[in-house]
Amino acid sequence: MSLLAIDWLLILEKLGLIAIIITISLVVAMYETYAERKVAAFMQDRIGPNRAGPFGLLQPLADGVKLFFKEEVIPSHSNKVLFVLGPSLAMLTAMMTCAVIPWSSPVEIGGRVIPLQIADVNIGILYIFAVVAMGVYGMMIGAWASNNKFSLLSGLRGASQVISYELALGLSIIALLMLTGSLSLKTIVEQQMADGWNIIYQPLGFLIFLICAFAECNRAPFDLSEAENELNMGYHQEYSSMKLGFYLFSEYINMFISSAIIATLFFGGYDIPFLDESTLSPNVAAILGVVALMLKICFFIFLFMWVRWTLPRFRYDQLMNLGWKKLIPLALINMVVTALVILFISQK
Amino acid sequence: MQALTNKSKPVDRRPMTFMESLYLPEIVKGMAITISHFFKKKATISYPEQQRPFSRVFRGLHVLNRDEEGRENCTACGLCALACPAEAITMEAAERKIGEENLYREEKYAARYEINMLRCIFCGLCEEACPKDAIYLSETIAPPNFNRKEFIYKKDDLLIPNPVTDPEGFAKARGERDNKNYKK
């Protein structure tokens, strides 16, 4: 019987954690839309939304309500099942990635140690890759099901872009993995707490990862599949109401998760620089860790926006040239050099 | 061909130098520019709370003027209607009766005076044409409306408040006009 005994507390704890993390990602995504508009406005010498609530802070709510009340249109020539599946898949994959991110060191409640990570799987990074790669299906299916030439073009562009940049992304991660020797994100963070952040050892790897993350998120300057002025919003075109909302939301959640992953892999995750966490009581350390991680994430989200409002979009051939002829060779070189250095050090 | 202005800038089609083809230094430069704008003073004017002063010669809604005793200046001579290039002004004259001397300054007055604000181009020629200083263009912009009918301003809409009974309203409608002395 003991084999079948279920640890109900564990299930409760994980369910609670899932609920909290999903809520947080949704709220963060909501306020990312607000932040994006504000950042865009400030960089263009404007003020941005400031009417709904103090400083326009209720603007995301107003936008959400507006999206909910919009007419829901499903084009008569579209494939109805796939048309609904597209945005759902985009949202699902965006939410799934946050499962393996360690948000902070464990907290202790009533003698029970609760890790602030939904699943500490030993294939953490591979899991993220798998789910992110699936994310493009949401876009492709939506684009295909719309039965519209602009959407189809955008789906093609999106798919080829994500596939091209995933190679360089993977190669830059391999160099990092040789350094850490583990795929578990928690282990990677703990190593960084002990030996210093990975950005010191892998600056080139970080740069490649960052550029590929921009491409994976379909953010400017790699927003070819959205391309407002040439493809009329691309795969969004036939969508209305909350289905459009799901697409837009999933983009912002992806941005949040990408920032979290960049912070975790290269910037020490929930590590607070120049502070020995073991001297603090575990709960305080956990709370400070969450704050530290959130600050890092906020910085990267700001970087995403900063780049978007600075750079124009790449042309398609420029995109492919950059991906295949520059990033992949660079990532390969980075990988080989890292391997050689590690070999050299271990033989001494 | 010679350019008409010196404003046109030829497109630079030189191939990228090595540093440029690396993208990153140029991107960093661009990002430095955008972040410097982030902290700059904003050009926005939050409209209803904050209003930009109009130019001294701004031509807004028409006002039918009264003299100091509150009598209407207009004698319905029709010069404004004649001067109007958009044919926006319609009027009907009437003779002043005995006992109406405190209402109208001269023996003839406008019984009906209408300006169609949809036709009006706010050129100010009516103001120029008026020999009695009876019509002038104020500093108010024409408010929007849902109906075309509401854009035809009647005499009641156009007349300035009576300076005898409502001196504040009169002063407000006159605006900066009396202090600035830009008429003649």
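Q: What makes up the contact, in residues from chain B and chain A?
A: Chain B puts in 11 residues and chain A puts in 10, where two residues are in contact if their C-beta atoms, placed from the backbone, lie within 7 Å. Keep in mind that this is a predicted model, with local features needing pLDDT of at least 70 and side-chain atom pairs counting only at pLDDT 80 or more, while totals for chains, interfaces and linings use all residues. Residues are numbered from 1 along each chain as its sequence is written, with chains lettered from A and ligands numbered from 1 in the order in which they are written.

Q: What makes up the side of chain B that touches chain A, by class?
A: That side has 5 nonpolar, 4 polar and 2 charged residues. Here Ala, Val, Leu, Ile, Met, Phe, Trp, Tyr, Cys and Pro count as nonpolar, Asp, Glu, Lys and Arg as charged, and the others, Gly among them, as polar.

Q: Which is chain B, a compact globule or more spread out, and how do you know?
A: Chain B has 7 helices and 5 strands, which are DSSP runs numbered from the N terminus (H or I, at least four residues, for helices; E, at least two, for strands). Its radius of gyration is 27 Å, while the globule rule gives 16 Å for 184 residues, so chain B is more spread out than a compact globule. The radius is taken over C-alpha atoms, and the rule is 2.2 Å times the number of residues to the power 0.38.

Q: How do you know whether helix 8 of chain A is enclosed by the rest of the structure or not?
A: Count its buried residues: 10 of the 14 are buried, so helix 8 of chain A is largely enclosed. Buried means 20 or more other C-beta atoms within 10 Å of a residue's own, exposed means 12 or fewer, and partly exposed is in between, with C-beta atoms placed from the backbone. Among the buried ones are Phe206(A), Ile208(A) and Phe214(A). They pack against several helices of chain A, including helix 4 (124-145) and helix 12 (316-347).

Q: What span should helix 8 of chain A have?
A: The expected span is 1.5 Å times one less than the number of residues. For the 14 residues at 203-216 that gives 20 Å, and the end C-alpha atoms are 20 Å apart, which agrees.

Q: Which residues touch the most other members of the largest nonpolar core?
A: Ala168(A), Phe209(A), Cys212(A), Ile253(A), Phe256(A) and Ile262(A) do, out of 83 residues. Such a core is a set of buried Ala, Val, Leu, Ile, Met, Phe, Trp, Tyr and Cys residues joined through C-beta atoms within 7 Å. Helix 10 of chain A gives this core its largest share, 14 residues.
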